[in-house]
Amino acid sequence: MDKRILVIIDHIKYCAPALKQAGILAKHFNQNIELICFTYEHSAHIPLELSPSQLEQVKQARLGQTANELAEQLLVINHETQIEQSILWHKYPSQWLSDDCDFSKYSMVIKTRHIDNQQQFSQLDWQLIRTSPLPVYLAADQTWRNNKNVFGSLDLASKKASKVALNQAVIESCISFAQMNQASAKFGYAVSISPLLRDLGFVYVDETQMNALDNIPSDQQAILKQYQIINDVAVKAGPAEKVIPSLAADVNAGLVVIGSVGRKGLKGKLLGNTAEKILNLLKTDLLILTPEKE
C-alpha cells in the first residue's frame, strides 16, 4: 500500500496553511492525502436540559457545518489530488493521536501551527513534535511572511551514526524543499563554547567559529563534503537556542528543518529543553525529523 500524507485539522479557521502545503507536497511526491478533521460542541455551550435526541441533533448539525466549511477550504488543493477525508466527533484529538492513529500508513504529518500572543504551539502540536515517528510539518499561519529560503539546523558535534544519518536527512530535506519552492537551502551549526573559559580568555569565539568544521567528527565532515556544503555552513558559537533562530532570521528562512532527540520511554515525551527553546523562538514553518532507530 502506498503511503499517504496525513493532514490533521483541529481548527477549521486555521487549516488553510496546512492544506496548501499538503497539496504542494502531494503533487511533488505523487502521493495522496488523508485528512482527519476534528469537531466537537463542548458542554459549556450546551444547556443541561437538552434530551439525548436533541444532543444528537446538535452533533449532526455541527458535523454538517464542519463538512461545509472544510469543503470551502479544500479548494486550495489541486483538484487532481486524491483526498480521503474523515470528520471525527472527538473532544480530545490528542487522545485519538495516542490511541487510534496508525502512523504506519503515512509518510509524514502536516498540521497548521497557529501562532498568537499567548502561545507558539498547541498541546496537539507538542504531542506531534515529541511523539510522532514520522516527519512533522507545522505550517505557520502568518500570511504576511514572504520568506522562501529553507534553513537546516545541523548538530555536527556527535559521533553517533544516528546523528550523522539525521544530519543527512536534514540536508536532503532542505535541498528538496528549496528546489520545490525555487528557493535557496541554507545551513547552520551552533558550536558550544564554555562561557567561563571564554571569559577567562582560555578560548576565543572567533577562533572557535573558524575552526569548528575542522574539529567535527570525520563522518560529519564526509556528509558535508558529499553534499558540497562544507564551505557554506554558517557557524556561530553560543547556545543553540539563541544561535539557530538568529541564523534562520539572517537568511530569511520561511522553513526551518530540525532533527528531534528521539528518546525512549518516559523521556520520549520530552523533546529536550534546548530543542524546545529553539522551536519556541522560531515563527517560521517547521519540519521536524525523527532519527533512525539504532
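**Where is the place of Q228?** Q228 belongs to the loop between α8 (218-226) and β8 (233-237). Before going on: this is a predicted model, where local features need pLDDT of at least 70, side-chain atom pairs count only at pLDDT 80 or more, and totals for chains, interfaces and linings use all residues. Residues are numbered from 1 along each chain as its sequence is written, and side-chain values use heavy atoms, leaving out hydrogens and water. The helix and strand names come from DSSP runs (helices are H or I with at least four residues, strands are E with at least two), numbered from the N terminus. Back to Q228: its phi is near 55°, a positive value in a residue other than glycine. Most residues other than glycine have a negative phi. Q228 is also exposed, with a relative accessible area of 68%. Here exposed means over 50% relative accessible area, buried means under 20%, and partly exposed lies in between (1.4 Å probe, protein chains only).

**N30, in the loop between α1 and β2, has a positive phi too.** The angle is about 55°, although N30 is not a glycine. Is N30 buried or exposed? N30 counts as exposed because its relative accessibility is 70%.

**The whole chain sets the scene with ten helices and ten strands.** Zoom out for a moment before the next close-ups. Of the 294 residues in the chain, 45% count as buried. Now take the contacts, meaning heavy atoms within 4.5 Å. Among those with a separation of 6 or more, 79% link residues 24 or more positions apart.

**Strand β1 is largely enclosed by the rest of the structure.** Why can we say that about β1? Because six of its six residues are buried. On one side, R4, L6 and I8 point out from the strand, while I5, V7 and I9 point the other way, and all are buried. β1 also has strand partners; two strands pair if DSSP finds at least two bridges between them. With β4, β1 runs parallel and is joined by five bridges; here I8 stands opposite K111. With β2 (residues 33-39), the pairing is again in the parallel sense, over five bridges. In this pairing, C37 of β2 is the bridge partner of I9. To get from β1 to β2, the chain passes through helix α1 (residues 16-29), and this β-α-β crossover is right-handed. The name right-handed means that, with the strands pointing away from the viewer, the path from the first strand over the helix to the second runs clockwise.

**One cavity of 30 Å³ or more turns up in the structure.** A cavity is a set of points on a 1 Å grid over the protein atoms alone where a 1.4 Å probe fits but cannot get out, and its lining residues have an atom within 4 Å of a point. Grid points are joined across faces, edges and corners, and the volume is the space filled by probe spheres set on the points. How much space lies in the largest cavity? About 30 Å³. Its lining is made of I8, I9, D10, H11, Y14, C15, A18, K111 and T112. The elements giving two or more residues to that lining are β1 (4-9) and β4 (106-113). The lining residues divide into five nonpolar, two polar and two charged. In this scheme, Ala, Val, Leu, Ile, Met, Phe, Trp, Tyr, Cys and Pro are nonpolar, Asp, Glu, Lys and Arg are charged, and the others, Gly among them, are polar.

**S122 touches D10 and K111, not counting residues up to four places away in sequence.** Look for S122 in the loop between β4 and α4 (123-131). S122 counts as buried because its relative accessibility is 16%.

**V257 is tucked into strand β9 (residues 253-259).** V257 counts as buried, at 0% relative accessibility. Leaving aside neighbours within four places in sequence, V257 is in contact with V150, F151, G152, S153, V170, S173, C174, L287 and L289. From V257 to L154 is 103 residues in sequence, yet 8.9 Å in space, C-alpha to C-alpha.

**N280 is found in helix α10 (residues 273-280).** N280 is partly exposed, with a relative accessible area of 32%. Which residues does N280 contact, leaving aside its neighbours within four places in sequence? They are Q120, F121 and W126. N280 and Q119 are 161 residues apart in sequence and 8.7 Å apart in space, C-alpha to C-alpha.

Methods:
1 Å grid on protein atoms, 1.4 Å probe; cavity = no way out; pocket = protein on both sides within 12 Å on 5 of 7 lines; lining within 4 Å.
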